[in-house]
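Student: I've got a model open and I'd like to talk through how it packs. Can we go over it together?

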Amino acid sequence: MSTEYSIRRILVVPAALQAELNAAATTLDPTGGDATFTVGLSSTGLAPATHYVCNAALRLATWEFVEQVLAPQYEAAQIFDGNEQTIDQVLTGLGLRFVGSEE
Amino acid sequence: MQRRRDGWIGPPPHDLRPMGWLAAGGGFSPAQLAGLVLWLDADDAATLFQDAARSTPVASDGDPVGGWTDKGSGTYHALQATAAKRATNRPSAVNGRGAVEFDGTDDFLTVTRMAGRFGSGFSFVMVMRIFEGQPVDFKRPFGSRVVSPRQAYFDFLLSSTGSLVQVMWADHVSYQQTMVSLPAGDSGHGVLTCVATPGAAMSCYANGSLTGTTSIAGATWGNIAGATSETPLIGAIANGASDIGHCACQFAELLIYNRPLGSAERQQVEQYALAKFGLSP
């Protein structure tokens with residue numbers, strides 16, 4: 001049996017939208033959606049984060065809701081096909097690095 | 001160290017030749033050894049769930065893993081409440097046996113705090129694979145720490161030199177021991193062991209071979225294993241309320257004992273893991 005979670009998408013959003021998008025994510029994930037965007041990014045890898053990232057495997061119905069309902073409301077959010085690109089490729093293309101992993 | 005295609009490989013140690021119980025099919029269970037605190041077994045599909053409530057079992061390759069039942073003490077289940085941060089079920093990742101995969105972006109599972117469980121030391125045995133070796137730095141497949149005063153009873157990190165290092169902190173002083181030198185990119189699966197004896201030493205092993213021993217005589221063990229220890233994460237590390245250092249990796253099995261295993265015991269567990277997952281010593 002193949003998984004229903006076959007659509008992988010990487011979402012990169014401006015830090016200014018973090019709270020709003022975490023709230024929006026609770027529409028799809030009532031129990032934990034408010035922590036969907038917590039991994040920070042910046043051009044230097046140092047705080048403060050200028051963007052946040054989410055890398056998730058989605059069911060078709062979930063993806064359709066994101067694509068058709070949520071995405072049009074947040075044009076500043078960038079969505080990448082995680083089945084085609086790795087997170088490293090996405091971040092390199094955007095000139096961003098993970099924040100806070102250094103000692 | 002040389003590496004074969006099936007994992008982290010060193011010269012075959014004399015003490016890891018197949019023993020009678022293994023040749024006969026084993027029958028050994030990690031629970032036979034006293035002090036088993038945590039046992040996560042990705043090859044036991046009945047322990048994997050899509051949700052943190054552990055109500056919806058995984059059914060397919062690629063399903064999310066939001067709950068992983070602890071078969072050891074039954075206390076320290078690994079959980080993730082946020083759907084987008086759940087790990088992925090890989091039921092035949094290790095020579096046909098199961099693993100749980102983390103994406104290196106935001107996936108992680110949280111284990112209930114183990115504060116106070118390690119007053120007599122600890123032993124970790126991990127069957128795992130890291131997809132991002134050198135030159136990646138400060139990625140954490142597994143760890144627990146507090147930021148200030150910097151303390152941790154385990155902090156497995158990828159170093160700037162391309163090694164997986166167990167770093168134990170005590171009041172901002174670090175005690176480090178390399179577990180394995182990683183190749184560029186995918187490491188392959190291996191069995192990694194770390195045994196810590198308070199007031200004495202911390203020793204690490206890769207596929208049964210000793211990779212080194214570090215004195216921890218100077219560490220104040222009570223601070224490391226005490227009540228201030230942070231929540232352990234798998235696939236990342238806790239940094240206060242945040243999760244950082246997400247590592248692209250797979251865990252097939254994770255065993256934690258609340259004491260340093262003796263040499264024969266450690267070999268027994270390592271042999272069990274190597275045989276189970278079809279890995280070479």
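## Cores and contact

Tutor: Sure. The largest nonpolar core has 51 residues, and those with the most contacts inside it are F142(B), L164(B) and I234(B). Keep in mind that this is a predicted model.

Student: Which strand of chain B gives the most to this core?

Tutor: Look at the stretch covering residues 122-130 of chain B. Five residues of the core come from there, and the element is strand β9.

Student: And how many residues are in the second, separate core?

Tutor: Find V94(B), Y257(B), L261(B) and A273(B), which are included in that second core. Its total is 19 residues.

Student: Moving to the interface, what area is buried between chain A and chain B?

Tutor: The contact takes 24 residues from chain A and 28 residues from chain B. Carbon and sulfur atoms give 47% of the area buried between the two chains, which is about 1900 Å².

Student: Which residue forms a salt bridge with D103(B)?

Tutor: The count between chain A and chain B is one salt bridge. A salt bridge needs the nitrogen and the carboxyl oxygen within 4 Å, and here the closest N and O atoms are 3.6 Å apart. The partner of D103(B) is R8(A).

Student: Which strand has the largest share of the side of chain A that touches chain B?

Tutor: That side divides into 10 nonpolar, nine polar and five charged residues. Four residues of it come from residues 51-58 of chain A, in strand β3.

Student: Last one: how many residue pairs are in polar contact between chain A and chain B?

Tutor: Counting pairs with both residues at pLDDT 80 or more, the answer is 10 residue pairs.

Note on methods
Residues are numbered from 1 along each chain as its sequence is written. Chains are lettered from A and ligands numbered from 1 in the order in which they are written. This is a predicted model: local features need pLDDT of at least 70, side-chain atom pairs count only at pLDDT 80 or more; totals for chains, interfaces and linings use all residues. Side-chain values use heavy atoms; hydrogens and water are left out. A nonpolar core is a set of buried Ala, Val, Leu, Ile, Met, Phe, Trp, Tyr and Cys residues joined through side-chain atoms within 4.5 Å. Buried means under 20% relative accessible area, exposed over 50%, partly exposed in between (1.4 Å probe, protein chains only). Helices (H or I, at least four residues) and strands (E, at least two) are DSSP runs, numbered from the N terminus. Contact means heavy atoms within 4.5 Å. Buried area is the accessible area (1.4 Å probe) that two parts lose on being put together, summed over both. A salt bridge is a side-chain nitrogen of Lys or Arg within 4 Å of a carboxyl oxygen of Asp or Glu. A polar contact is a pair of N or O atoms within 3.5 Å; within protein, one must be able to donate a hydrogen and the other to accept it, and residues adjacent in sequence count only if both atoms are side-chain atoms. Ala, Val, Leu, Ile, Met, Phe, Trp, Tyr, Cys and Pro count as nonpolar, Asp, Glu, Lys and Arg as charged, and the others, Gly among them, as polar.
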